[in-house]
Amino acid sequence: MQRILIVRLSSIGDIVLTTPVIRCVKQQLTDVELHFLVKKQFLTVVEHNPYIDKIHVFDGDLSKTIRELKAENFDFIVDLHKNIRSTRIKCALKRPSASFPKLNYEKWLLVNFKINRLPDVHIVERYFEAVRPLQVKNDGLGLDYFIAPGDEIGASHLPKGFFDDYAVLVVGGAHRTKQIPIEKAVEICRSLDRPVVICGGAADRENGALIAQTDESRIFNACGTFNIGQSASLIRQAQQVITADTGMMHIAAAFQKNIVSLWGNTVPQFGMTPYMPQHPERSKILEVKGLLCRPCSKIGYEKCPKKHFLCMMDIDWER
């Protein structure tokens, strides 16, 4: 039996974007045992993926993790993280491996000099470069997300009148400059002709409450109330998902939802737009093109470096 390890330590969206590789490796190779290495806080994202035979959890102790991985005697390592830590793991295991073109230099050029030399290739397609030595190809079926049975959300979890027809508005995000501003979120909710469920983490609870209090009969604040799997269940059953460049955007893409994505300091050219090769028409991207300070980062900041946040504030919200 061939034993293969896929490494992607974080974060939610990046891990979800690896799922086509996971599926294709498992389905296209015969007699393969597939392992996955992930950080402890993101275990739930892959915990119920049926294509993974064994999950290894990194809890901060790299030496312990390396010892555990060495015992597995892998035949091949697929590095979909490609950072110092994953390189140390590969060097320690001394097994055949491959990675993908991360394009850090090209991203640096775009962020710092606004010179775009990035190929028009989605990161999912670039991930498949790492499994080319295994003769694994993209099946074109998009992303996966598997929800634990106990995390399925039913009508009793939402206010009366919400469950049959609602939109999800994702207000959370790892960095403030990628998040939808509160005042703009309120405008979005007012413009929609259906109830709105606000999704985000515990840190977004206060902002969600500020948005919901503008119309509590039509807006439900779910921030901090549900875990990742439960939030994914809410998204799977929604009629529409409005989100910034977040992990939940990729979960929505896994469910082939109608997505409106709003792009602030990051740009679609980085290759991480909603990946729905079977239904690209379901993804609508809104951004402020031609803004000289954009992108200001490939990840994000806690506040706008220019103090005006025009990349979000000037989006055509009426559209």
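Which residue forms a salt bridge with aspartate 139? In this predicted model, the partner is arginine 23, and the closest N and O atoms of the two residues are 2.8 Å apart. The pair links distant parts of the chain, with the two positions 116 residues apart in the numbering. Aspartate 139 sits in the loop between H7 and strand E6 (167–170), while arginine 23 belongs to helix H2 (residues 19–28). The two ends of this bridge can also be described by their accessibility. Arginine 23 has a relative accessible area of 3% and is therefore buried, whereas aspartate 139, with 26%, is partly exposed.

This bridge can be placed in a wider setting, since the count for the structure comes to 16 salt bridges. One of them joins arginine 294 to glutamate 287, with the closest N and O atoms 2.9 Å apart. Here arginine 294 counts as buried because its relative accessibility is 10%, and glutamate 287 is partly exposed at 22%. In another bridge, the side chains of arginine 218 and aspartate 215 meet at 3.7 Å, N to O. Arginine 218 is partly exposed, with a relative accessible area of 22%, and aspartate 215 is partly exposed too, with 26%. Salt bridges can also join into a network, as they do for Arg3, Glu33, Lys54 and Glu72.

Aromatic rings come next. The count of aromatic pairs comes to seven. Among them is the pair of phenylalanine 100 and tyrosine 127, which is edge-to-face, with 4.9 Å from centre to centre and 80° between the planes. Phenylalanine 100 lies in the loop between strand E5 (97–98) and H6, and tyrosine 127 lies in helix H7 (residues 123–127), so this pair ties together parts that are 27 residues apart in sequence. Both phenylalanine 100 and tyrosine 127 are buried.

Tryptophan 108 and phenylalanine 113 also form an edge-to-face pair, at 5.3 Å centre to centre and with 70° between the planes. Phenylalanine 113 is part of helix H6 (residues 104–113). Tryptophan 108 counts as partly exposed because its relative accessibility is 43%. Together with Tyr105, these two residues form one aromatic cluster. Where does this cluster meet the surface? Tyr105, Trp108 and Phe113, along with Ile115, make a nonpolar surface patch of about 450 Å².

The cysteines can be read in a similar way. How many disulfides does a search of the whole structure find? The search finds zero. Cysteine 199 helps to show why: the closest cysteine sulfur, in cysteine 223, is 6.9 Å from its own sulfur, which is too far for a bond, given that a disulfide needs the two sulfur atoms within 2.5 Å. Cysteine 199 is buried, with a relative accessible area of 2%. Cysteine 91, in contrast, counts as exposed because its relative accessibility is 53%.

A last detail concerns asparagine 49, found in the loop between helix H3 (43–46) and strand E3 (54–58). Is this loop residue buried or exposed? At 7% relative accessibility, asparagine 49 counts as buried. A polar atom of its side chain lies 2.9 Å from the backbone nitrogen of tyrosine 51.

Key: Residues are numbered from 1 along each chain as its sequence is written. Side-chain values use heavy atoms; hydrogens and water are left out. Patches are made of residues with over 30% relative accessible area and no salt bridge: like charges are joined within 9 Å, nonpolar side chains (Val, Leu, Ile, Met, Phe, Trp, Tyr) within 5 Å. Accessible areas come from the Shrake-Rupley method with a 1.4 Å probe; for residues, only the protein chains shown count as cover. A salt bridge is a side-chain nitrogen of Lys or Arg within 4 Å of a carboxyl oxygen of Asp or Glu. Helices (H or I, at least four residues) and strands (E, at least two) are DSSP runs, numbered from the N terminus. Rings of Phe, Tyr and Trp (its six-membered ring) pair if their centres lie within 6.5 Å; planes under 30 degrees apart count as stacked, over 60 as edge-to-face and the rest as tilted. Buried means under 20% relative accessible area, exposed over 50%, partly exposed in between (1.4 Å probe, protein chains only). A polar contact is a pair of N or O atoms within 3.5 Å; within protein, one must be able to donate a hydrogen and the other to accept it, and residues adjacent in sequence count only if both atoms are side-chain atoms.
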